[in-house]
Amino acid sequence: MNKFYQMTHKPKKEIGRFNESQLYKGLIWMSLPKDALKYVLEYSEKNKVLDSLKNVLIPEEFYFQTILMNSNYRKNVASNNITYNDWSKERHGSLPAILDESDFLQIKNGDYYFARKIDPYISRELVKIISEKINKF
């Protein structure tokens, strides 16, 4: 379906009031302070940004990034990913991989505040190790 869509639809050169040189994309898993989120929502409503995303293939990867990077919030945007996930290969029947104890060292040695995907059964040992060695409880 994606190939058919790409063959039959020309890529959009603008979203809302933003032209091609002002478009940004990034992760859909992010953390935002309340004032930044409020700004995005108000800007979006005022400028009908969501209407221009109706026929975009992956709109959620442009929405927040484009609005924030074209605002005064730009200087506060960090491009690091603070969520650990493993997209390298399918594991435990899932991509991204369901995390287990083999991920502990990468989580511990990285600048991560969150981890994705945790399963209550498969990840039980990982959660225990993180609780004991990182969270210290």
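How many aromatic pairs does a search of the whole structure find? The search finds four, where rings of Phe, Tyr and Trp (its six-membered ring) pair if their centres lie within 6.5 Å, and planes under 30 degrees apart count as stacked, over 60 as edge-to-face and the rest as tilted. One of the pairs is formed by Tyr-39 and Tyr-73, whose ring centres are 5.5 Å apart with planes at 45°, so this pair is tilted. Because Tyr-39 lies in helix H2 (residues 34–47) and Tyr-73 in the loop between helix H4 (63–69) and strand E3 (83–84), the pair ties together parts that are 34 residues apart in sequence. Ring pairs also bring in Tyr-43, giving a cluster of Tyr-39, Tyr-43 and Tyr-73.

The model is predicted: local features need pLDDT of at least 70 and side-chain atom pairs count only at pLDDT 80 or more, whereas totals for chains, interfaces and linings use all residues. Residues are numbered from 1 along each chain as its sequence is written, and side-chain values use heavy atoms, with hydrogens and water left out.

The protein has six helices and four strands; helices (H or I, at least four residues) and strands (E, at least two) are DSSP runs numbered from the N terminus. Their order from the N terminus is α-β-β-α-α-α-β-α-β-α. Of the 137 residues, 28% count as buried, with buried meaning under 20% relative accessible area, exposed over 50% and partly exposed in between (1.4 Å probe, protein chains only). By this scale Tyr-39 counts as partly exposed because its relative accessibility is 27%, and Tyr-73 is placed in that class by its value of 22%. Contact means heavy atoms within 4.5 Å; among contacts between residues at least 6 apart in sequence, 58% join residues at least 24 apart.

The interior can be followed through its cores. A nonpolar core is a set of buried Ala, Val, Leu, Ile, Met, Phe, Trp, Tyr and Cys residues joined through side-chain atoms within 4.5 Å. The largest one has 11 residues, including Phe-18, Val-40, Tyr-43, Leu-53 and Ile-67. The elements that give two or more residues to this core are H2 and H4, and H4 gives the most, with four residues. Tyr-43 thus appears both in this core and in the aromatic cluster. Apart from the largest core lies another, of seven residues, among them Tyr-84, Leu-99, Ile-107 and Ile-129. Ile-129 belongs to helix H6, where Leu-126, Ile-129, Ile-130 and Ser-131 are buried. What covers the buried residues of H6 includes H5.

Strand E3 holds Thr-83, which counts as buried because its relative accessibility is 11%. Not counting residues up to four places away in sequence, Thr-83 touches Tyr-112, Phe-114, Ala-115 and Arg-116.

Attention now turns to the surface. The protein exposes about 10,300 Å², of which carbon and sulfur atoms supply 55%; accessible areas come from the Shrake-Rupley method with a 1.4 Å probe, and for residues only the protein chains shown count as cover. Met-30, Leu-32, Leu-37 and Leu-41 form a nonpolar surface patch with about 300 Å² of accessible area together. Patches are made of residues with over 30% relative accessible area and no salt bridge, like charges being joined within 9 Å and nonpolar side chains (Val, Leu, Ile, Met, Phe, Trp, Tyr) within 5 Å; a salt bridge is a side-chain nitrogen of Lys or Arg within 4 Å of a carboxyl oxygen of Asp or Glu. Within the patch, Leu-32 is found in the loop between strand E2 (18–19) and H2, and its relative accessibility of 31% makes it partly exposed.

The backbone has several features in its loops. The peptide bond from Leu-95 to Pro-96 is cis, with omega near 5°, and Pro-96 lies in the loop between E3 and helix H5 (104–109). His-92 is found in the loop between E3 and H5; it has a positive phi of about 60° although it is not a glycine, and it is partly exposed at 38% relative accessible area. A cis peptide bond also joins Arg-116 and Lys-117, with omega about 20°; Lys-117 is in the loop between strand E4 (114–115) and helix H6 (124–133). Lys-48, another residue other than glycine, has a positive phi near 50°. Its place is in the loop between H2 and helix H3 (49–52), and Lys-48 is exposed, with a relative accessible area of 56%.
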